Structures are given as structure tokens and as C-alpha cells.
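Colleague: I should be grateful for a close look at a single part of this model, set in the context of the chain around it. Please proceed residue by residue where that is useful, and state how far the coordinates may be trusted.

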Amino acid sequence: MQAIRLGGAVGRTPDRIEEDLEFVGASLEMGTSPEFGSVTLSLLAKDLDRGLDILFDLLRRPAFDPNRFEIVKSRAKDALLRDREEPARLGSKEFGRFVYGEASPWGRQPTPESIDRIEMEDVRRFYDNSIFPDRILVAAAGDFSQSE
């Protein structure tokens with residue numbers, strides 16, 4: 001999901017997306033777990049249309065910028081190193097492996113080598129097989145009425 005979030009959209013560069021989000025003071029985060037992916041968009045109610053336009057652009061027409069893709073991989077490997085420094089996080093990850101086994105989605109753990117093997121085509125295939133409008137659940141909270 002980070003390759004989608006940071007990779008820009010067709011017709012909208014990654015830098016342009018960052019500028020547009022910054023202009024309205026919005027925060028847009030994406031992530032995945034073994035069960036689901038998540039997207040969080042935080043912004044002022046008056047900027048909702050602009051924020052949703054950016055979000056939908058990323059979900060419908062991701063550009064998968066190759067330079068940003070390498071940044072995503074580098075950050076993922078750095079996160080693995082940080083996890084080793086925090087006993088609670090390390091224990092949580094190891095717990096899944098011991099309980100469910102290494103073949104389970106809850107027990108598999110990435111390694112720097114496995115991250116290095118991920119290619120752009122793998123990300124595109126994930127997107128093509130996983131991101132569908134009928135598989136998205138939307139929840140909203142904030143300053144708006146039910147009719148809005």
C-alpha cells in the first residue's frame with residue numbers, strides 16, 4: 001500500500017500529491033495487515049472534496065513511481081531493524097510465528113532479502129488482484145451531518 005500511497009497517480013506526480021495534501025493540511029496514510037488494508041484520510045471538513053479526489057486518484061490510477069518504490073523498500077528494511085530493537089514488537093512478531101507457523105500469513109515474517117526480491121510487477125499484480133470498489137468498506141467520523 002505504501003507503493004500506492006507514495007507512488008503518485010497517473011497525471012499527478014508524487015510531489016504534486018504531497019503539495020496538494022500539505023496545502024490543505026491533510027494526512028493520508030495507507031497500510032496492510034494479513035487480514036486487510038487500510039487508508040486513513042484526516043483533513044478539515046471544508047477540504048473533503050479535494051482530499052477524496054486525491055485519495056480516489058491514488059486508488060484508481062496509481063502510477064507506482066519507480067524511485068518511490070525503492071524508497072518504500074528501503075523504509076521497510078529499516079523498520080525491520082527497528083523492530084529488533086523493541087522487545088515488545090519483536091515478541092509480538094515472534095508470537096505469530098510460534099502460534100501459527102511460518103507458512104501462515106500471521107507467522108510469516110519479511111526479511112531484508114525477501115523485501116529485496118519484491119519487484120514493481122509484484123506490486124502491480126497485488127494491486128490488480130486486491131483493490132476493487134466492491135471490497136472497500138468506508139467509515140467516516142468528524143464534522144458532518146448524516147445527510148452529508
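Modeller: A helix is here a DSSP run of H or I with at least four residues, and helices are numbered from the N terminus. The part I have chosen is helix α3, in which aspartate 53 lies. The model is a predicted one, and I begin with confidence for that reason.

The mean pLDDT of the chain is 89, and 100% of its residues reach 70 or more. Confidence is lowest in α5, where the mean is 86, and highest in helix α6 (residues 112–116), where it is 95. As a general caution, predicted coordinates should not be read in detail where pLDDT is low.

The setting of the helix comes next. The chain contains 7 helices and 2 strands, and these follow one another along the sequence as α-α-β-β-α-α-α-α-α. Along the principal axes, the C-alpha atoms of the chain fill a box of roughly 50 × 35 × 30 Å. The chain has 148 residues, of which 27% count as buried. Among contacts between residues at least 6 apart in sequence, 65% join residues at least 24 apart.

Helix α3 itself covers residues 48–60, that is, 13 residues. From its first C-alpha to its last it reaches 18 Å, close to the 18 Å expected at 1.5 Å a residue.

Which residues of α3 are buried? They are Gly51, Ile54, Leu55, Asp57, Leu58 and Leu59. The general geometry of a helix is useful when reading such a list: an α-helix has 3.6 residues a turn, so residues three or four places apart point the same way. The buried residues of α3 pack against the helices α1 (2–6), α2 (14–23) and α7 (120–130), and against the strands β1 (27–32) and β2 (37–42).

Aspartate 53 is not in the buried set of α3. Its relative accessibility is 42%, and it therefore counts as partly exposed, since that class lies between the cut-offs of 20% and 50%. The C-alpha atom of aspartate 53 is separated by 18 Å from that of phenylalanine 144, which is 91 residues away along the chain.

One of the buried residues of α3, Ile54, can be followed into a neighbouring helix. Aspartate 20 is found in helix α2, and its contacts include Ile54 as well as Arg12, when residues up to four places away in sequence are not counted. Aspartate 20 has a relative accessibility of 11% and so counts as buried.

The loop between the two strands that pack against α3 offers a further point of reference. Serine 33 has its place in the loop between β1 and β2. With a relative accessibility of 30%, serine 33 counts as partly exposed. Serine 33 and asparagine 67 are 34 residues apart in sequence, and their C-alpha atoms are 24 Å apart in space.

Following the chain onward from α3 leads to the loop between α3 and α4, where phenylalanine 64 is placed. Phenylalanine 64 counts as buried, because its relative accessibility is 5%. Its phi is near 50 degrees, a positive value in a residue other than glycine.

Beyond that loop lies helix α4 (residues 66–85), which packs with helix α5 (residues 87–100). In general, two packed helices are described by the angle between their axes and the distance between the axes. For α4 and α5 the angle is about 105 degrees and the axes are 5 Å apart. The two helices are therefore roughly perpendicular to each other, as that term covers angles of 65 to 115 degrees. On the α4 side the contact is made by Leu80, Asp83, Arg84 and Glu85, and on the α5 side by Pro87, Arg89, Leu90 and Lys93. By type, the contact of α4 with α5 comprises 3 nonpolar, no polar and 5 charged residues. Since confidence is lowest in α5, I would keep its mean of 86 in view here.

Two further residues complete this region. Aspartate 78 is found in α4, and its relative accessible area of 38% makes it partly exposed. Its C-alpha atom is separated by 8.8 Å from that of proline 112, which is 34 residues away along the chain. Glutamate 86 lies in the loop between α4 and α5 and, at 38% relative accessibility, counts as partly exposed. Glutamate 86 and methionine 120 are 34 residues apart in sequence, and their C-alpha atoms are 30 Å apart in space.

Terms used
Residues are numbered from 1 along each chain as its sequence is written. This is a predicted model: local features need pLDDT of at least 70, side-chain atom pairs count only at pLDDT 80 or more; totals for chains, interfaces and linings use all residues. Side-chain values use heavy atoms; hydrogens and water are left out. Axes are lines fitted to C-alpha atoms, for helices over the stretch in contact, and angles run from 0 to 180 degrees between N-to-C directions. Angles under 35 degrees count as roughly parallel, over 145 as roughly antiparallel, 65 to 115 as roughly perpendicular and the rest as oblique. Contact means heavy atoms within 4.5 Å. Ala, Val, Leu, Ile, Met, Phe, Trp, Tyr, Cys and Pro count as nonpolar, Asp, Glu, Lys and Arg as charged, and the others, Gly among them, as polar. The expected span of a helix is 1.5 Å times one less than its number of residues. Buried means under 20% relative accessible area, exposed over 50%, partly exposed in between (1.4 Å probe, protein chains only). pLDDT is the predictor's confidence in each residue, from 0 to 100.
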